[in-house]
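Got the structure open in your viewer? Keep the selection box handy, and we'll walk through a few places worth clicking on.

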Amino acid sequence: YKPVISNTDAKSSFAKRLETIPSKAVQDRFIDFRSDIQENRITKGVKLYHKINPENDVFTLDIKFGMGEIYHPLLSYATNIMNFAGTGKRKVNELKNEFCKIGCTYSISSDDSYTIISVEGTEKHLKEALQLVSELLSDPLVDQDKMQVIIESEQSTRKMENSEPDNVAEGLFDYVRFGSKSPELNRPSMKELKAMKADSLVAVF
């Protein structure tokens, strides 16, 4: 076969048109947290930080609770399994379908310092989305078979920890930061995790 010689100087008509469009210098604008973001105190220990979306009617809402994984070794598993929870009124698929009907999504996660509930969708359906979130938080129900998802995910994570130098370094850094409270030292063993009930993790949440 003869090699294909490419014409590196060739340009499409679209590329030529783009080259004729003048580019403007970027005007830096830094966020002023005192004027660009509104802060409202709802009650003691509860604050609302708010910024209007000037581009479209899509909202992003993060509800953050000051309880993180460093304070409870089971919290990461609890927040994970809550993404597979239904309610007393709806199974998990039915709940997610209700969110889909109003064009919204939700997720539950945690980090060292916070438990986070994230909701995104169109502004006109914000109230309905929050009602569904409230239903989930008030009466969460998780089938025991969802524990298998948590177990398999954790097995994969721990396998990667031993094979990737960056993960080992992160574990050492956590030990420097937290000492005996390091997440790697306080988490349950795989045997303990396999013996857990889904309801016990929901109770942690």
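**Stop 1: a histidine in a loop**

Start by selecting H125, which sits in the loop between β6 (115-122) and α4 (126-138). Before going on, bear in mind that this is a predicted model. Is H125 buried or exposed? It counts as buried, because its relative accessibility is 18% and the cut-off for buried is under 20%.

Now show side chains and add E128: the side chains of H125 and E128 are joined by a polar contact of 2.7 Å. Leaving aside neighbours within four places in sequence, H125 is also in contact with I102 and C104. Keep C104 in mind for the next stop.

**Stop 2: the cysteines**

Select C104 together with C100. How many disulfides does the structure hold? Zero. For C100, the closest cysteine sulfur is the one in C104, 9.6 Å away, and that is too far for a bond; a disulfide would need the two sulfur atoms within 2.5 Å. Looking from C104, the closest cysteine sulfur is in turn that of C100.

Try a surface display here. C100 is exposed, with a relative accessible area of 57%, whereas C104 counts as buried at 3% relative accessibility.

**Stop 3: an aromatic pair**

Next, select F99 and Y106. The structure holds one aromatic pair. Its members are F99 and Y106, whose ring centres are 4.5 Å apart with the planes at 35°, so the pair is tilted. Both F99 and Y106 are buried.

**Stop 4: the largest nonpolar core**

Keep F99 selected and add I81, A129, L136, M147 and L201. In the largest nonpolar core, which has 28 residues, these six touch the most other members. To see where the core comes from, colour the elements that give two or more residues to it: α2 (75-82), α3 (92-101), β5 (105-110), β6, α4, α5 (147-163), α8 (190-194) and α9 (198-204). Which of them gives the largest share? That is α4, with four residues.

Then zoom in on L201. Leaving aside neighbours within four places in sequence, L201 is in contact with L74, Y77, A78, I81, M147 and M196. I81 and M147 were in your selection already, as two of the residues that touch the most other core members.

**Stop 5: a serine between helices**

Move on to S182, in the loop between α6 (165-178) and α7 (183-186). It counts as buried because its relative accessibility is 1%. What does S182 touch, not counting residues up to four places away in sequence? Select G171, D174 and Y175 to see its contacts.

**Stop 6: a hairpin**

Switch to a cartoon view and pick out β1 (38-43) and β2 (residues 46-50). The two strands run antiparallel and are joined by five bridges. For one of the partnerships, select N40 and its bridge partner in β2, L48. β1 and β2 form a hairpin with two residues between them, and G45 in the turn has a positive phi of about 80°.

**Stop 7: an exposed isoleucine**

Finish with I31, which lies in the loop between α1 (13-20) and β1. Its relative accessible area is 54%, so I31 is exposed. As a last click, draw a distance from the C-alpha atom of I31 to that of N186: these residues are 155 apart along the chain, and their C-alpha atoms are separated by 39 Å.

Conventions
Residues are numbered from 1 along each chain as its sequence is written. This is a predicted model: local features need pLDDT of at least 70, side-chain atom pairs count only at pLDDT 80 or more; totals for chains, interfaces and linings use all residues. Side-chain values use heavy atoms; hydrogens and water are left out. Buried means under 20% relative accessible area, exposed over 50%, partly exposed in between (1.4 Å probe, protein chains only). A polar contact is a pair of N or O atoms within 3.5 Å; within protein, one must be able to donate a hydrogen and the other to accept it, and residues adjacent in sequence count only if both atoms are side-chain atoms. Contact means heavy atoms within 4.5 Å. A nonpolar core is a set of buried Ala, Val, Leu, Ile, Met, Phe, Trp, Tyr and Cys residues joined through side-chain atoms within 4.5 Å. Two strands pair if DSSP finds at least two bridges between them. Rings of Phe, Tyr and Trp (its six-membered ring) pair if their centres lie within 6.5 Å; planes under 30 degrees apart count as stacked, over 60 as edge-to-face and the rest as tilted.
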